[in-house]
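Trainee: Could we go through this chain together, starting with the overall picture and then moving to single residues?

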Amino acid sequence: MSENIVPVEPEHVACAVCMKQIPKDVAKSFEGEEYVLHFCGLECYAQWQQQAQQDNGKNNG
Ligand SMILES: [Zn+2]
């Protein structure tokens, strides 16, 4: 019996903004209090950050 060498696939995660599947290795991650978000790049991370700030601003006043 010969061993089958199966390439180990890196774990993938979905970008929180564009939902693209990205290897966990290269994902930018943001750890919240009870959750972890992943981003495919700084562009999506910035976009999410802007949105989060806007959401927070709504409660102001
Ligand atoms: Zn993305």
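The questions and answers below follow the chain from its overall layout to some of its residues.

Mentor: Happy to! Keep in mind that this is a predicted model.

Trainee: In what pattern do the helix and strands follow each other along the sequence?

Mentor: Start with the inventory: there are four strands and one helix in the chain. Reading along the sequence then gives the order, which is β-β-β-β-α.

Trainee: What radius of gyration does the chain have, set against a compact globule of 61 residues?

Mentor: Look at the box first: along the principal axes, the C-alpha atoms fill roughly 70 × 25 × 15 Å. For a compact globule of 61 residues the radius of gyration would be near 10 Å, but for this chain the value is 17 Å.

Trainee: What share of the residues counts as buried?

Mentor: A residue needs 20 or more other C-beta atoms within 10 Å of its own to be called buried. Among the 61 residues of the chain, the share that counts as buried is 13%.

Trainee: Which residues make up the largest nonpolar core?

Mentor: Here is a helpful background rule: in soluble globular proteins, nonpolar side chains tend to be buried together. In this chain the largest nonpolar core has seven residues. They are Val13, Ala16, Ala27, Phe39, Cys40, Cys44 and Tyr45.

Trainee: Which residues does Val13 touch, not counting those up to four places away in sequence?

Mentor: Val13 is a good one to follow, as this residue belongs to the largest nonpolar core. Leaving out residues up to four places away in sequence, its contacts are Ile22, Lys24, Ala27 and His38.

Trainee: Is His38 buried or exposed?

Mentor: His38 sits in strand 4, residues 36–39. Beyond four places in sequence, His38 touches Val13, Ala14, Cys15, Ala16, Ile22, Ala27 and Ser29. Because 21 other C-beta atoms lie within 10 Å, His38 is buried.

Trainee: Which residue stands opposite His38?

Mentor: Strand 3, residues 28–31, pairs with strand 4 in the antiparallel sense over four bridges. These two strands form a hairpin, with four residues between them. The residue opposite His38 is Ser29.

Trainee: And Val36, is that one buried or exposed?

Mentor: Val36 is also placed in strand 4. Beyond four places in sequence, Val36 is in contact with Ser29 and Glu31. There are 11 C-beta neighbours inside 10 Å, and 12 or fewer is the cut-off, so Val36 counts as exposed.

Trainee: How far apart in space are Val36 and Ala16?

Mentor: In sequence, 20 residues separate the two. From C-alpha to C-alpha, the distance between Val36 and Ala16 is 9.6 Å.

Trainee: What is the phi value of Met19?

Mentor: Met19 lies in the loop between strand 1 (12–14) and strand 2 (21–23). Met19 counts as exposed because it has 9 C-beta neighbours inside 10 Å. Most residues other than glycine have a negative phi. Met19 is not a glycine, yet its phi is positive, near 65°.

Note on methods: Residues are numbered from 1 along each chain as its sequence is written. This is a predicted model: local features need pLDDT of at least 70, side-chain atom pairs count only at pLDDT 80 or more; totals for chains, interfaces and linings use all residues. The radius of gyration is taken over C-alpha atoms; the globule rule is 2.2 Å times the number of residues to the power 0.38. A nonpolar core is a set of buried Ala, Val, Leu, Ile, Met, Phe, Trp, Tyr and Cys residues joined through C-beta atoms within 7 Å. Two residues are in contact if their C-beta atoms, placed from the backbone, lie within 7 Å. Two strands pair if DSSP finds at least two bridges between them.
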